[in-house]
Structures are given as structure tokens and as C-alpha cells.
Amino acid sequence: RTAVPIASVTKLMTAVVTSEKLDLDSRIGVSSPNFVESLIPRLQDRASASVYSLLQLLLVESSNEAAEVIAGEYGRGKFIEEMNSKAKQIGMLESNFVDPSGLGNGNTSTLSDLFRLTQYIHINRNFIFEITAKENLTGVRDTGEFSELSNFNEVDDLNNFVGGKIGETTAAGQTSVSLHEVSIQGSKRTVAIILLGSTQRDQDVRTLMEFVEEQYRR
């Protein structure tokens with residue numbers, strides 16, 4: 001139950017607050033923040049973007065820049081307050097958020113709290129997980145603003161991934177929330193696998209999926 005750093009899994013809460021506090025169809029001014037970097041920077045030469053397209057960057061390529069642009073639009077301090085307020089509202093009582101990207105070591109949570117967040121998104125904001133599972137982003141709301149994004153969330157050699165978010169920092173190690181669709185007694189079910197402090201994330205997910213499938217084949 002000890003809360004530990006969760007790295008970019010933080011962005012799932014950022015996405016929840018974004019979806020509930022901002023108009024996803026609105027366009028906002030983009031000024032690439034100079035205090036964070038993203039593995040694939042995409043905002044330097046852009047004057048504006050829709051909130052929804054920034055959400056795509058946030059979730060698919062884990063853009064720290066998108067996280068800060070979104071939070072800045074709402075008011076960064078107020079946005080982080082909303083993240084912590086939402087956590088308490090859905091029962092994440094051992095969690096804390098200090099920034100919208102997950103870069104800070106103070107973004108901490110527990111397995112049980114992250115499962116509550118996963119349940120909340122799956123039931124109430126499942127389009128967030130749907131975005132995380134897409135590469136070409138051909139959904140209903142596809143804005144076409146950012147094409148050919150690299151999906152960081154998928155697990156090698158697994159074709160049942162239906163959503164999730166990965167993260168990695170020195171303090172957190174490798175972290176992830178991943179949803180997988182499996183057949184249990186003839187019906188499709190969604191299984192959540194949550195990892196904190198992993199050193200071989202994809203292998204750990206595959207091992208746990210094998211365990212689940214063995215259990216339910218009986």
C-alpha cells in the first residue's frame with residue numbers, strides 16, 4: 001500500500017481532468033514550454049491546436065509538452081488541484097499529483113489506487129483508453145492535426161491490448177496500466193494489468209497475461 005512514483009501513468013489523470021474541465025473541440029494557443037522535453041517534440045512550430053489533438057499527443061506519444069500546454073490553458077496550479085481533487089473523489093486516497101506530466105517524483109500512487117482510476121476511466125471516460133490503443137487515430141473525433149504518431153503503449157507480441165499508458169523515470173522505474181481483452185468461458189472480458197517499479201515491463205505484462213489465460217482456461 002506504500003505510494004511510489006508512477007511516472008507518465010500520471011497522464012491518465014491528466015486526461016480525465018482535461019476531458020471533464022476543458023472543451024475537447026476548442027482550439028488553444030500553443031507555446032511549447034521550455035522547462036519540459038518530449039521524446040518526440042511536435043509543438044515548436046505550431047500556433048494552436050485542438051484540445052483533443054493535444055490529448056492524442058499526451059496519451060499516444062506521452063508528450064510532456066502537451067501535458068503542460070493543456071494544464072497551462074486551465075491554469076497550471078488550478079489544474080493540479082483538480083487532479084488531486086479528482087483522485088480523492090474516486091477513492092484514490094493514497095495518491096498525490098504535483099505536475100501534469102509525471103516527470104516529478106512527487107507523482108505517487110499505489111496499485112489499488114491506480115486500479116480505481118482504471119475502473120473510473122473504463123466506465124466513465126473509456127474513449128481515453130481507446131485513444132491510447134490507436135496508432136493512426138482514425139476515431140470519430142480524429143482532427144488529423146498530428147498524423148503517424150508512434151504509440152508507446154503497446155506491448156510487443158501481444159495482440160489483445162485495448163488501452164493503457166506506460167511511464168518511466170529513474171525514480172519510478174518502468175510503470176504501466178494496460179488493458180487486455182481475453183475470452184473467459186466464451187465471453188470477452190477486459191483484464192487490467194498494473195505495474196510499478198518494473199525493470200522489464202513488456203516481459204512482466206506477457207508473464208501476467210499468460211497466468212491469467214492459464215487460470216481461466218480451466
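The buried residues of helix α1 are Thr10, Lys11, Leu12, Met13, Thr14, Ala15, Val16, Val17, Thr18 and Ser19. The model described here is a predicted one. Helix α1 covers residues 10–21, and because 10 of its 12 residues are buried, the rest of the structure largely encloses it. From its first C-alpha to its last, α1 reaches 17 Å, close to the 16 Å expected at 1.5 Å a residue.

**Overall architecture**

The chain contains 7 helices and 7 strands. Starting at the N terminus, the elements follow the order β-α-β-β-α-α-α-β-α-α-β-β-β-α. The C-alpha trace spans about 55 × 40 × 30 Å along its principal axes. A compact globule of 218 residues would have a radius of gyration near 17 Å, and the value of 17 Å for the chain therefore agrees with that expectation.

Half of the chain is covered: 50% of the 218 residues count as buried. Among contacts with a separation of 6 or more, 63% are between residues 24 or more positions apart. The exposed area of the chain is about 10400 Å², and 44% of this is supplied by carbon and sulfur atoms. The side chains include 21 positive and 29 negative ones, and the centres of these two sets lie 6 Å apart.

**Helix α2 and its surroundings**

Helix α2, residues 51–60, is mostly covered, with 10 of its 10 residues buried. These residues are Val51, Tyr52, Ser53, Leu54, Leu55, Gln56, Leu57, Leu58, Leu59 and Val60. Which elements do the buried residues of α2 pack against? They pack against two strands from earlier in the chain, β2 and β3, and also against α1, α3 (64–74), α6 (127–132) and β5 (161–169).

After α2 comes Ser62, with a positive phi near 55°. Ser62 is in the loop between α2 and α3. With a relative accessible area of 10%, Ser62 is buried.

**The loop between β1 and α1**

Two residues of the loop that joins β1 (4–5) to α1 can be described together. One of them is Ala7, and the other is Ile6. Ala7 has a phi near 55°, a positive value in a residue other than glycine. Most residues other than glycine have a negative phi. Ser62 likewise has a positive phi near 55° and is not a glycine.

Is Ala7 buried or exposed? Its relative accessibility is 1%, so Ala7 counts as buried. Ile6 is buried too, with a relative accessible area of 0%. Outside its neighbours within four places in sequence, Ile6 is in contact with Phe97, Asn107, Thr108, Ser109, Leu114, Ala172, Thr175 and Leu196. The C-alpha atom of Ile6 is separated by 29 Å from that of Asp25, which is 19 residues apart from it along the chain.

**Two partly exposed residues**

Arg42 is located in the loop between β2 (27–29) and β3 (48–50). At 26% relative accessibility, Arg42 counts as partly exposed, since buried would require a value under 20% and exposed a value over 50%. Leaving out neighbours within four places in sequence, the contacts of Arg42 are Leu57, Glu61, Glu65, Phe146, Ser147, Glu148 and Leu149. One of these, Leu57, is among the buried residues of α2. Arg42 and Ser32 are 10 residues apart along the chain, and their C-alpha atoms are separated by 8.7 Å.

Tyr216 belongs to helix α7, residues 201–217. Tyr216 is partly exposed, with a relative accessible area of 45%. Its C-alpha atom is separated by 7.4 Å from that of Gln185, 31 residues apart along the chain.

The table lists the relative accessible areas of the residues discussed above.

| Residue | Relative accessible area | Class |
|---|---|---|
| Ile6 | 0% | buried |
| Ala7 | 1% | buried |
| Ser62 | 10% | buried |
| Arg42 | 26% | partly exposed |
| Tyr216 | 45% | partly exposed |

Notes
Residues numbered from 1 in each chain as written. Predicted model: local features only at pLDDT ≥ 70, side-chain atom pairs only at ≥ 80, totals over all residues. Heavy atoms only, no water. Helix = DSSP H or I, 4+ residues; strand = E, 2+ residues; numbered from the N terminus. Rg over C-alpha atoms; globule rule 2.2 N^0.38 Å. Buried < 20%, exposed > 50% of the residue type's maximum accessible area, 1.4 Å probe, protein only. Contact = heavy atoms within 4.5 Å. Areas by Shrake-Rupley, 256 points an atom, 1.4 Å probe, with all protein chains shown as cover. Lys, Arg positive; Asp, Glu negative; His and termini not counted. Charge placed at Lys NZ, Arg CZ, Asp CG, Glu CD. Expected span 1.5 Å × (residues − 1).
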